[in-house]
Amino acid sequence: MLTAAIGVVCAITVLAAPGTAFADPGPSPSATASPSASGSANASANASADTPVTNAELEAVRKKLARLYRAAARATEEYNAAEEKAKKQNAEIVRLAKKIVKGEEKLEELKKRAGAAAAAQYRGGGLPPEAHLMLSDDPQEFLEGTDRVRQGQHAAKGLLGEMTRTQEDLERYAGDAQARWRKLEAGRKAKAKAQKKIEKQIAAAEKLESTLEKEERERLARLEEQAAERAQSAWLSSGILDDIKGEATAQGKKAVAYATAQIGKPYKWGAEGPKAYDCSGLTSQAWLSAGRGIPRTSQEQWKQLEHVDIRQMRPGDLIIYFDDASHVGMYVGNGTIVHAPRPGRTVTLAGAGSMPVLGVVRPDAD
C-alpha cells in the first residue's frame, strides 16, 4: 500500500507537469472544414477569381464564421470545466496519498508497541500478568498488581483497537484514491474530446477565412463591426442605460482595472494569462486579482454566482452571453464590456449589448 501511495504521488507529478499533456496546440493542419463551410469557402474563392464577392455573400460567410467560433467557444468551456475537475482530482489524490503514507507510518509504530508488549511478556517467563498476580502471596503486592493488570488490559485493548482502526482507514483511503483516479482518467478523456472539437472548429473557420482576398477580409471585418453596432444600438435604444447607475465596489474597481490592463493581449483557448486569455480565463483571473475566487468557466459563473437585474448592473459585474452561457464579459460602465472575443482577436472593449445577453451575475454580491 505504501508503494502504491508513492506511485500515485509520482503519477500525479507527471500529470501536473506543464506541457506533458493537453498543452494548447496550434490548429491541426490535417483538420478540414465541414462540407457547408467548404462550400461557402469554394463559392467565395470562385467568385473572387471572376467577380467581386458581394456583401450578401460576405454576410453569409460572417454568419458561418460566427457559428464556427461559437461552437469553438462551447468546446473551450467544456475543456476548461474538465481541466478544473482534473485539478481538483489531482489535489484530492495527493491528499489521500499523503494520508496513506502517514497511516502506514502510524501502523508501523503501533506494531512496534505491540511487539514491545509481547517481548515484555516473554521476559516475564511467558506468563500473562494475571498469572503472576495469582501466584503472589503478598496481599499488598496483590492489590497493587490488580490495578496494574487492569491498566495493562485497558492499554492492550486500546492498542489493538487503534491498530484495527488504522488498518481500516488505510483500506478506505486506498479505495477513495482508486475512485478518484478513475474520475481523473474520465476527465482526461473529456479534455481530449473537447480539445478535438476546438481544433476542428477553429481549423474550419481559419480555412474559410483563408479563401478570402485581403480586401474581402477587410470588408468582412467591417460587416462584423456593423453587426455588433446594430445590436448595441438596439440595446441602447431601449433606454436601459438610463437605469444603470450602480457604482463599483472597491473589489469591483480592482477587477475592472486588471481586466482593462489586459487589452491588446491575444485570445487563446484554455488560457488564464498572463500573456493570453480566453473569455472566462480573463474574468476569473480579474476577480482573483481583486481577492475573490470565482468559477473558471462561463457556465459555472452563470450557475454559481448571484444573478442581478441588468438595470442594477455595476462595473465589475459579469455579463453572460448566448442561451448556452458560452461567453462572458466584464461590465466596465457606460454600456461597455471588456472581454476576450475569439481566436484571432485580442482582449478589447465592446458594447455590452453587442451580443445576445443571457443575464448578469455579481461576484461580490455580499
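Helices here are DSSP runs of H or I with at least four residues, and strands are runs of E with at least two, numbered from the N terminus. On that count, the protein chain of this predicted model has 10 helices and 6 strands. Of its 366 residues, 39% are buried. If you take the contacts with a separation of 6 or more, 72% of them link residues 24 or more positions apart.

Let's start with one of those helices, α5, which runs over residues 139–210 and holds Gln201. Pick out Gln201 and look across to Arg67: the two sit 134 residues apart along the chain, yet their C-alpha atoms are separated by 9.1 Å. Once you set aside the neighbours within four places in sequence, the contacts of Gln201 are Leu68, Ala71 and Ala72.

Next along is α6, residues 214–237. Does its length add up, and what span should we expect from 24 residues? At 1.5 Å a residue, α6 should span 34 Å, and its end C-alpha atoms are indeed 34 Å apart, so the two agree. Its buried residues are a mixed bunch: Leu220, Leu223, Ala227 and Trp235 are there, but so are Glu216, Arg219 and Gln232. After the helix comes Gly239, with a positive phi near 80 degrees.

α6 also takes us to the largest pocket, which has a volume of about 1,100 Å³. There are 33 residues lining that pocket, and the closest to its centre are Glu224, Ala228, Pro341, Arg342 and Met355. Which element supplies the largest share of the lining? That is α6, with 9 residues. Helix α3 (55–123) and strand β5 (348–351) are also on the list of elements that each supply at least two residues. Sorted by character, the lining of the largest pocket comes out as 16 nonpolar, 7 polar and 10 charged residues.

There is an enclosed space to look at as well. A search of the whole structure turns up 1 cavity of 30 Å³ or more, and the space inside is about 30 Å³. Around it you'll find Ala73, Thr76, Glu77, Tyr267, Cys279, Ser326, His327, Ala340 and Pro341. Here α3 gives the most to the lining, with 3 residues. The lining of this cavity divides into 5 nonpolar residues, 3 polar and 1 charged. Pro341 is worth a second look, since this residue lines the cavity and is also among the residues closest to the centre of the largest pocket.

Finally, turn to α8, residues 250–261. Its 12 residues should span 16 Å at 1.5 Å a residue, and the end C-alpha atoms lie 17 Å apart, which agrees. Which of its residues are buried? They are Gly252, Ala255, Val256 and Ala259. Looking down the axis of α8, these buried residues fall within an arc of 100 degrees, so they line one face of the helix. On the other side, Ala250, Lys253, Lys254 and Ala261 are exposed. What covers the buried residues of α8 includes α9 (279–289), together with the strands β3 (327–333) and β4 (336–339).

Methods
Residues numbered from 1 in each chain as written. Predicted model: local features only at pLDDT ≥ 70, side-chain atom pairs only at ≥ 80, totals over all residues. Heavy atoms only, no water. Expected span 1.5 Å × (residues − 1). Buried < 20%, exposed > 50% of the residue type's maximum accessible area, 1.4 Å probe, protein only. Arc of directions from axis to C-beta. Contact = heavy atoms within 4.5 Å. 1 Å grid on protein atoms, 1.4 Å probe; cavity = no way out; pocket = protein on both sides within 12 Å on 5 of 7 lines; lining within 4 Å. Points joined across faces, edges and corners; volume = space filled by probe spheres on them. Nonpolar A, V, L, I, M, F, W, Y, C, P; charged D, E, K, R; others polar.
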